[in-house]
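Here is a short report on one protein model. Read it with the sequence and the coordinates at hand.

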Amino acid sequence: MKTTEIIQIVVIGSALVGGAAVIASKVMGPGENDATVAVTVPELTTTAVKGEKYYDKSCISCHGDNASGTKNGPPLVHDIYNPGHHADEAFYRATLQGVKQHHWPYGNMPPRPEISKREVSYIIAYVRELQEANGIVYKSHRM
């Protein structure tokens with residue numbers, strides 16, 4: 001392989017990586033517009049309606065109306081939170097124990113001791129119904 005061909009490959013590869021980083025920053029990072037999403041709200045089941053009430057009481061300030069995200073927290077109606085990547089147990093753990101920042105640049109999520117495990121189960125039902133209505137379904141997680 002010639003030196004010029006190698007340089008071209010390196011330049012193209014760098015451009016692709018740079019472009020991916022720009023796209024990721026638009027999708028994943030807070031900025032002036034924040035990482036919010038438009039959410040279609042379906043007709044909710046009785047369980048999800050209960051979950052919406054608990055969500056609105058304890059989660060809305062960070063995760064936004066209908067889990068659409070805010071400048072303080074990411075949208076939960078996002079493919080990162082599909083059940084194959086973040087199973088229900090991840091929601092229980094984050095709510096009851098807190099979680100260190102790992103996908104988004106919003107900082108650590110503190111535990112929410114005012115929310116019971118039962119209330120979290122209703123919140124999960126609400127979020128999962130929103131996700132499904134917006135095309136977010138189980139996808140096997142691969143590392």
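Among contacts with a separation of 6 or more, 65% join residues that are 24 or more positions apart. The model behind this value is predicted. Its secondary structure comes to 5 helices and 0 strands. From the N terminus on, the order is α-α-α-α-α. The protein has 143 residues, and 32% of them count as buried. Its accessible surface comes to about 9,100 Å². Carbon and sulfur atoms hold 57% of that surface.

**Salt bridges**

Side chains of opposite charge can pair when their charged atoms come close. How many salt bridges does a search of the whole structure find? The search finds 3. The table gives each pair with its closest N to O distance.

| Pair | Closest N to O distance |
|---|---|
| Lys139 and Asp79 | 3.1 Å |
| Asp88 and Arg128 | 3.0 Å |
| Glu114 and Arg112 | 2.6 Å |

Take Lys139 and Asp79, which form a salt bridge. This pair links distant parts of the chain, 60 residues apart. Lys139 sits in the segment after α5, while Asp79 sits in the loop between α3 and α4. Lys139 has a relative accessibility of 41%, so this residue counts as partly exposed. Asp79 is partly exposed too, with a relative accessible area of 32%.

Next come Asp88 and Arg128, which also form a salt bridge. Asp88 lies in helix α4 and Arg128 lies in helix α5, so their pairing ties together parts that are 40 residues apart in sequence. Is each partner buried or exposed, or something in between? Asp88 is at 34% relative accessibility and therefore counts as partly exposed. Arg128 has a relative accessible area of 14%, so Arg128 is buried. The cut-off for buried is under 20%.

The remaining pair is Glu114 with Arg112, whose side chains meet in a salt bridge. Glu114 is partly exposed, at 42% relative accessibility. Arg112 is partly exposed as well, with a relative accessible area of 24%.

**Helix α4 and what follows**

Which residues of α4 are buried? They are Ala90, Phe91, Tyr92, Ala94 and Thr95. The cover over these buried residues includes α5. Helix α5 is also the element that holds Arg128, the salt-bridge partner of Asp88 in α4.

Just after α4, Gly98 takes a positive phi of about 85 degrees. Further on, Ser116 is found in the loop between α4 and α5. Ser116 counts as partly exposed because its relative accessibility is 33%. Ser116 and Leu96 are 20 residues apart along the chain. Their C-alpha atoms are separated by 7.9 Å.

**The loop between α3 and α4**

Two residues of this loop have a backbone feature to check. Asn66 lies in the loop between α3 and α4. Asn66 has a positive phi of about 55 degrees, although it is not a glycine. Ala67 lies in the loop between α3 and α4. Ala67 has a positive phi of about 60 degrees, and it is not a glycine either.

Their accessibilities are as follows. Asn66 is partly exposed, with a relative accessible area of 21%. Ala67 is at 0% relative accessibility, so Ala67 counts as buried. The loop between α3 and α4 also holds Asp79, the partner of Lys139.

**The largest pocket**

Rolling a probe the size of a water molecule over the atoms shows where empty space is left. The largest pocket has a volume of about 660 Å³. Its lining is made of 32 residues. Which of them lie nearest its centre? These are His63, Tyr81, Ala94, Val99 and Met109. Ala94 is also one of the buried residues of α4.

Several helices share in the lining. The elements that give two or more residues are α2 (46-58), α3 (60-63), α4 (88-97) and α5 (117-133). Helix α4 supplies the largest share, 5 residues. By residue class, the lining divides into 18 nonpolar, 11 polar and 3 charged.

**In brief**

Helix α4 recurs through this report. Helix α4 gives the largest share of the lining of the largest pocket. Helix α4 has buried residues with α5 among their cover. Helix α4 also carries Asp88, which pairs with Arg128 in α5.

Notes. Residues numbered from 1 in each chain as written. Predicted model: local features only at pLDDT ≥ 70, side-chain atom pairs only at ≥ 80, totals over all residues. Heavy atoms only, no water. 1 Å grid on protein atoms, 1.4 Å probe; cavity = no way out; pocket = protein on both sides within 12 Å on 5 of 7 lines; lining within 4 Å. Points joined across faces, edges and corners; volume = space filled by probe spheres on them. Helix = DSSP H or I, 4+ residues; strand = E, 2+ residues; numbered from the N terminus. Nonpolar A, V, L, I, M, F, W, Y, C, P; charged D, E, K, R; others polar. Salt bridge = Lys/Arg side-chain N within 4 Å of Asp/Glu carboxyl O. Buried < 20%, exposed > 50% of the residue type's maximum accessible area, 1.4 Å probe, protein only. Contact = heavy atoms within 4.5 Å. Areas by Shrake-Rupley, 256 points an atom, 1.4 Å probe, with all protein chains shown as cover.
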